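Got your viewer open? Take a few minutes to walk through this one, starting with the whole chain and ending at a single residue.

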Amino acid sequence: MKTGNQFARVAAIFLVWGSWTISVAAETTSGTTDLDYQRARWHPLHFKPAIETATDQQCLECHQEVLEKSVKQQSPAGVKSANTLAWYQTLDTYEGEQETFHRRHLVTPLAKQLMNLQCNTCHDGNDPREEAPVPPTKEDAGFTLRKMVTTEKTCLKCHGKHPYEIMGLTGPWEETRESMGNSCLTCHVAIRTNRHQVNYLKAEEIEKAAEKNSDVCFGCHGGRQWYRISYPYPRHPWPGQAAEVPDWAKDRPTESEPRFQLKKTADNSTANTSTTK
């Protein structure tokens, strides 16, 4: 009898929870923006397919604070930000004072010049039920445990290790750059020339800037390293490419992920048609 009562109570709890979830889904689907935090977490924009076409404007209706200037003037120890360099300020390509994480990726001069990042470039939805897989599994669940982004598919692209070993360099770029004329284009003027053709980068602007400063290249290929590994970039075919594929590249794809590919135009060329900020 006691077991039956416990089962009834559990069933009642799930019934109430299910009814609440359905009502929230109906409310948020109607476009209501006046939601409390718990209901806002279940807004359709946080789920596929809506997140795939969400604009920055839609995201920033609730998350505007990520673009507000909020760098502290001094650390708890009393060190003033104006008197020290943050790690990202050590490259020549960074201009200005210290900035917050999201502002460095969206609104700083370098970000506007070379990048076309959108909110959903990195944030591919956030289902509260999937912060941990239920039931637990050793298989790839399609997301990273308790992360708001899948870092190995986003952050690693621009914050991985410089893979000098597979390039045939004798050491890290910091040690060999002088022998290469301090220019990545010494080799890459003819090697892997079909590059940066994705909707979150401005390929032409990157090429122009790289001719003047190698830190434009190195900044995203080892200069702002967060991880001890490199990102396995796709090897898009390029003119003059050798027929033999090196061992390290045999498992590499030959095109970018579909959601990052540039749209084909009528003349079969590519164009960056991502939503502007």
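Here is the tour, stop by stop, through a predicted model.

**Stop 1: the whole chain.** Show it as a cartoon. You should find twelve helices and two strands. Trace from the N terminus and you pass through the helices before reaching the two β elements at the end of the order.

**Stop 2: colour by confidence.** The average pLDDT is 84, and 78% of the residues score at least 70. Now select residues 10–30: pLDDT stays under 50 there. For that stretch the model has 14 contacts beyond four places in sequence, so read them with the low score in mind, since pLDDT is the predictor's confidence in each residue.

**Stop 3: surface and inside.** Switch on the surface. About 18600 Å² is exposed, with carbon and sulfur atoms supplying 56% of it. Of the 277 residues in the chain, 31% are buried. As for contacts with a separation of 6 or more, 58% join residues 24 or more positions apart.

**Stop 4: Thr100.** Select Thr100 and look at the loop between α3 (56–63) and α4 (101–106). Is Thr100 buried or exposed? Its relative accessible area is 15%, and because the cut-off for buried is under 20%, Thr100 counts as buried.

**Stop 5: the neighbours of Thr100.** Leave out residues up to four places away in sequence, and Thr100 touches Val66, Glu68, Ser70 and Val71. For a last click, draw a C-alpha to C-alpha distance from Thr100 to Val66: the two are 8.1 Å apart in space, though 34 residues apart in sequence.

Terms used: Residues numbered from 1 in each chain as written. Predicted model: local features only at pLDDT ≥ 70, side-chain atom pairs only at ≥ 80, totals over all residues. Heavy atoms only, no water. Helix = DSSP H or I, 4+ residues; strand = E, 2+ residues; numbered from the N terminus. Buried < 20%, exposed > 50% of the residue type's maximum accessible area, 1.4 Å probe, protein only. Contact = heavy atoms within 4.5 Å. Areas by Shrake-Rupley, 256 points an atom, 1.4 Å probe, with all protein chains shown as cover. pLDDT = per-residue confidence, 0-100.
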